[in-house]
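Reader: Please take a close look at the aromatic side chains in this chain. I would like the overall picture too, so that the rings have a setting.

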Amino acid sequence: YMCCNNNASCNLKPISSENCVESHAIEDYVQLVHECQHSDRGIVDQDFFKAVYCDRDLPAGKYDDDPCELIQTYWTYATVCECSAVQMLESFLGGENLDTAHRLRLESEFDERYASIAANLLGWSEYYHCGLNFTCGIENTFIADRVSTPYGICRVSTSLGNQSTSVCNSEANNKYCCNYMLNSDLVKDETGQLSQEQLFQKIKLVRDLNIASLVSDYFFFVLAVCTCCGCSGAWLSSQRTDYTEYFPGTIKPALITLTVIGSLVDIAITFTIVGIIDQNDLIDAMDQLYQHGCYTEDLTPIILDLNGQFSTILILDAIEGSMDVVSLLMLCCGCCCAFFNDDDEDKCLSALATCAEGVHTFMFAVFDILIISVNVFSFVLPSYETYQDTFNNPAYECFARLETFDTVQAHFAEH
């Protein structure tokens, strides 16, 4: 109707206290609503339009590197016309001067109309860690970038949740950390870098082998004690009085055989552990996680502590294996002395043989058991539990895996 004011329903708008000009507000609004539905809606992805209008499948693998793009494109396609109309109405009704009640009413009407679509896409967004906010005028709430690697894409954060102390280093090495998060093959990549899963498997293997070494030492120790007790019991039941002759002729060979086998098993296990730690650079891997900032700053003391624990584990296992080798060499020397002193005439050779056997027995029965017990219970088990509890905890990770579109489709199909 004929009027001259800033009301959107007027066909004239004032340009001065006395003059008015023609207003095209209603025309612009109707034109927007009509034309937008038949336009490209600001979307340049032709494959998406073919899928929507021609019932074609999306090209396989196109969105694997960035599934969030597809989610955002779909929201734009579904809502951009209505959202633009709402924004135009808001401008017509006063723009920045529009009262809060009218603005909330416009927003709530839009939100109610698209609540179902928003809820569905929000589920996908959360699954992919996209950080999309489905409102009129979609916002991308990524705190930082996403990084592409040969193993997929990775979301990067500068802070996590509402924990004020859980802060990520803004200068973190995105490439290194994303490789660490994404490379799940149980082999090192071409740079020699271990992934989170690989590192966990290596730590688990170190734990299992150390426990095997502990069990082996205790098993052969108990077996040696039982052999000694059994042979002594047999001697007592025979009512013989020649124990000084019976021991070296019957008991000692059995004990030496058991201790030698136990030492060889222990040497094999401990040097395998040393090889795993050294060849996979487990100590350096912990230092690299700290240097590259792959975890929040409040995890730094734990990373440095684990670095020290792995160094200690490596040293203790190397010492244990080396001392076992030394004790076996001494035992060999003792056996040679006993062989060349068969008639026991040379007291010096006899003393050397007895000393070598005593050192070997002490190394097997006391030193090995003590050092492996300290190693396992003070270092190996705590380091494994610490890594398991904290390093795969999203509250401490500055980088998050983003799965491919095909993976998520399969997941929803299964559930």
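Author: The chain exposes about 22,600 Å². Carbon and sulfur atoms supply 57% of that area. The model is a predicted one. Of the 415 residues of the chain, 37% count as buried. The secondary structure comes to 12 helices and 7 strands. Take the contacts between residues at least 6 apart in sequence: 68% of them join residues at least 24 apart.

Now the rings. A search of the whole structure finds 11 aromatic pairs. One of them is phenylalanine 48 with tyrosine 77. Their ring centres are 5.6 Å apart, and their planes stand at 70°. Planes over 60 degrees apart count as edge-to-face, so this pair is edge-to-face. The pair links distant parts of the chain. Phenylalanine 48 belongs to helix H2, residues 46-53. Tyrosine 77 belongs to helix H3, residues 67-92. The two partners are 29 residues apart. Both phenylalanine 48 and tyrosine 77 are buried.

Phenylalanine 110 and tyrosine 114 make another aromatic pair. Here the distance is 5.0 Å centre to centre, with 40° between the planes. This pair is tilted, because an angle that is neither under 30 degrees nor over 60 counts as tilted. How accessible is phenylalanine 110? Its relative accessible area is 2%, so phenylalanine 110 is buried. Tyrosine 114 has 13% relative accessibility. The cut-off for buried is under 20%, so tyrosine 114 counts as buried too.

This tilted pair has company. Ring pairs link Trp75, Phe110, Tyr114 and Phe134 into a cluster.

One tyrosine ring has a charged partner. Arginine 207 lies over the face of tyrosine 384. The distance from the ring centre is 4.2 Å.

Last, the surface. Which residues make a nonpolar patch there? Phe271, Val325 and Leu329 do, and the patch covers about 250 Å². An aromatic residue, Phe271, is thus among its members. Valine 325 sits in helix H10, residues 300-340. Its relative accessibility is 32%. Partly exposed is the class between under 20% and over 50%, so valine 325 counts as partly exposed.

Key: Residues numbered from 1 in each chain as written. Predicted model: local features only at pLDDT ≥ 70, side-chain atom pairs only at ≥ 80, totals over all residues. Heavy atoms only, no water. Helix = DSSP H or I, 4+ residues; strand = E, 2+ residues; numbered from the N terminus. Buried < 20%, exposed > 50% of the residue type's maximum accessible area, 1.4 Å probe, protein only. Contact = heavy atoms within 4.5 Å. Areas by Shrake-Rupley, 256 points an atom, 1.4 Å probe, with all protein chains shown as cover. Phe/Tyr/Trp six-rings, centres within 6.5 Å; stacked < 30°, edge-to-face > 60°. Lys NZ or Arg CZ within 6 Å of the ring centre and 35° of its normal. Patch = residues over 30% accessible without salt bridge, like charges linked within 9 Å, V, L, I, M, F, W, Y side chains within 5 Å. Salt bridge = Lys/Arg side-chain N within 4 Å of Asp/Glu carboxyl O.
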